[in-house]
Amino acid sequence: MSKKLFLVGLVLLMTACNTNQSVVRTSKSNQPKASEPVVQRVKKPIYRPATAKSGGVTSQKSTSNPVVNNASSEILEATTRVKVTTEMVLAYIEKYKNIAKENMVNTGIPASITLGQAILESGAGTGPLSVQANNHFGIKCHKEWTGPSIRYTDDAENECFRKYEEPSGSFKDHSYFLTSRPRYASLFQLGKDDYAAWARGLKAAGYATDPKYPEKLIGLIERYQLSKYDAEVLGKSYVASTPKEITYSEEVQKYTVVKGDTLYSISKRFNITIEELKRKNNMLDNTLSLGQTIIVK
């Protein structure tokens, strides 16, 4: 080997030793070695739950009470003129049915009557008296009441109504109210499962001034099958009936104000509350004018 070739080899060797880069051997083949595992990347499918065609929202039909339509568009107009959905009424029944059944055991008042009246009087718990005073039956103070009270305009201005700490107190007081007054004594001669007779008996005894009160009460009981709770208390079998539609369509009737008329006197004449008179006629106060025409029905 010549001296020149020796020197060139020495320089190359020294350069390779001083470099920081590793020597990488590349293979002409791109195939992995047999000893190395083969890793494959697979895209996972995206899970998209099936949705209903309308709005992409999946809906389920309730099977707890197949004869009552749970559609949110259905409404019930109670005596307090508070409109509520069918779902709200069903939730109200579920919340207070056991109290009504317990009161039936203790007093003999049908649970269906208690629940039906509560729904009517309180607007399924949304009426002003039930919200502000836990009074679900519109029971006024009367002279014997010594508990808390609230002022509310009903048949007359600023009438005294009973106030309770809890709704359950209102339910129990309703039972005591019926059992302690002689005018309701005839009701307890009726069958405990004869809700229709009880509804008519309540009107005859003067519980409500609304001439349609029995029909409204019976309609509610049948629509929401409240009599099944009577059957449960009495240990009888219950057969579901087809509910009837409840309608409150009324003719518009007008009255012309004459000398001496007041909202109170007009409300008594046409069996309507002062609050309802004001609502129907968009009145902000109790002022009337001679010759004024107002809607009374």
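This section describes the helix packing, the nonpolar cores and selected local features of a predicted model.

The secondary structure of the chain comprises ten helices and six strands. The chain has 297 residues, of which 38% count as buried. Among contacts between residues at least 6 apart in sequence, 55% join residues at least 24 apart.

Helix H3, residues 111–122, packs against helix H6, residues 195–204, at an angle of about 50°, and the two axes lie 9 Å apart. Because the angle between them falls neither under 35 degrees nor over 145, and also outside the range of 65 to 115, H3 and H6 are oblique to each other. Their crossing is right-handed. On the H3 side the contact involves Ser112, Ile113 and Gln117, which meet Tyr195, Trp198, Ala199 and Leu202 of H6. By residue class, this contact of H3 with H6 consists of five nonpolar and two polar residues, with no charged ones.

A second packing partner of H3 is helix H8, residues 227–234, and here the angle is about 150°, with the axes 7 Å apart. An angle over 145 degrees counts as roughly antiparallel, and H3 is therefore roughly antiparallel to H8. The crossing of H3 and H8 is right-handed. Ala111, Ser112 and Leu115 of H3 make the contact with Ser227, Tyr229 and Asp230 of H8. The contact of H3 with H8 divides into three nonpolar residues, two polar residues and one charged residue. Ser112 of H3 thus takes part in the contact with H6 and in that with H8.

The largest nonpolar core contains 40 residues, and those touching the most other members are Ile93, Ile113, Tyr184, Leu202, Tyr207, Leu217 and Leu226. Two or more residues of this core are supplied by each of helix H2 (86–107), H3, helix H5 (167–179), H6 and helix H7 (213–223). Leu202, one of the core residues just named, also belongs to the H6 side of the contact with H3. Residues up to four places away in sequence set aside, Leu202 touches Ile113, Gln117, Leu178, Tyr184, Leu187, Tyr207, Ala208 and Leu217. Apart from the largest core lies another, of eleven residues, among them Val257, Ile266, Leu288 and Ile294.

Helix H7 is mostly covered, ten of its eleven residues being buried. The buried residues of H7 are Tyr213, Pro214, Lys216, Leu217, Ile218, Gly219, Leu220, Ile221, Glu222 and Arg223. Leu217, buried in H7, is also among the residues of the largest core that touch the most other members. H7 is followed by Gln225, which has a positive phi, near 50°.

Positive phi values also occur in two loops. Most residues other than glycine have a negative phi. Ala124, a residue other than glycine, nevertheless has a positive phi, near 55°. Ala124 is situated in the loop between H3 and helix H4 (128–133). Since its relative accessible area is 7%, under the 20% limit, Ala124 is buried. His142, likewise not a glycine, has a positive phi near 60°, and its place is in the loop between H4 and strand E3 (149–152). With a relative accessibility of 38%, His142 counts as partly exposed, because this value lies between the limits of 20% and 50%.

Two further buried residues are Ser170 and Glu159. Ser170 is found in helix H5 and is buried, its relative accessible area being 0%. Beyond its neighbours within four places in sequence, Ser170 is in contact with Asn134, Asn135, His136, Phe137 and Tyr164. Glu159 belongs to strand E4, residues 159–162. The relative accessible area of Glu159 is 15%, and Glu159 is therefore buried. The C-alpha atom of Glu159 is separated by 9.8 Å from that of Ser149, the two residues being ten apart along the chain.

Technical notes. Residues are numbered from 1 along each chain as its sequence is written. This is a predicted model: local features need pLDDT of at least 70, side-chain atom pairs count only at pLDDT 80 or more; totals for chains, interfaces and linings use all residues. Side-chain values use heavy atoms; hydrogens and water are left out. Axes are lines fitted to C-alpha atoms, for helices over the stretch in contact, and angles run from 0 to 180 degrees between N-to-C directions. Helices (H or I, at least four residues) and strands (E, at least two) are DSSP runs, numbered from the N terminus. A crossing is left-handed if the near helix is turned anticlockwise from the far one by less than a right angle, and right-handed if clockwise. Contact means heavy atoms within 4.5 Å. Ala, Val, Leu, Ile, Met, Phe, Trp, Tyr, Cys and Pro count as nonpolar, Asp, Glu, Lys and Arg as charged, and the others, Gly among them, as polar. A nonpolar core is a set of buried Ala, Val, Leu, Ile, Met, Phe, Trp, Tyr and Cys residues joined through side-chain atoms within 4.5 Å. Buried means under 20% relative accessible area, exposed over 50%, partly exposed in between (1.4 Å probe, protein chains only).
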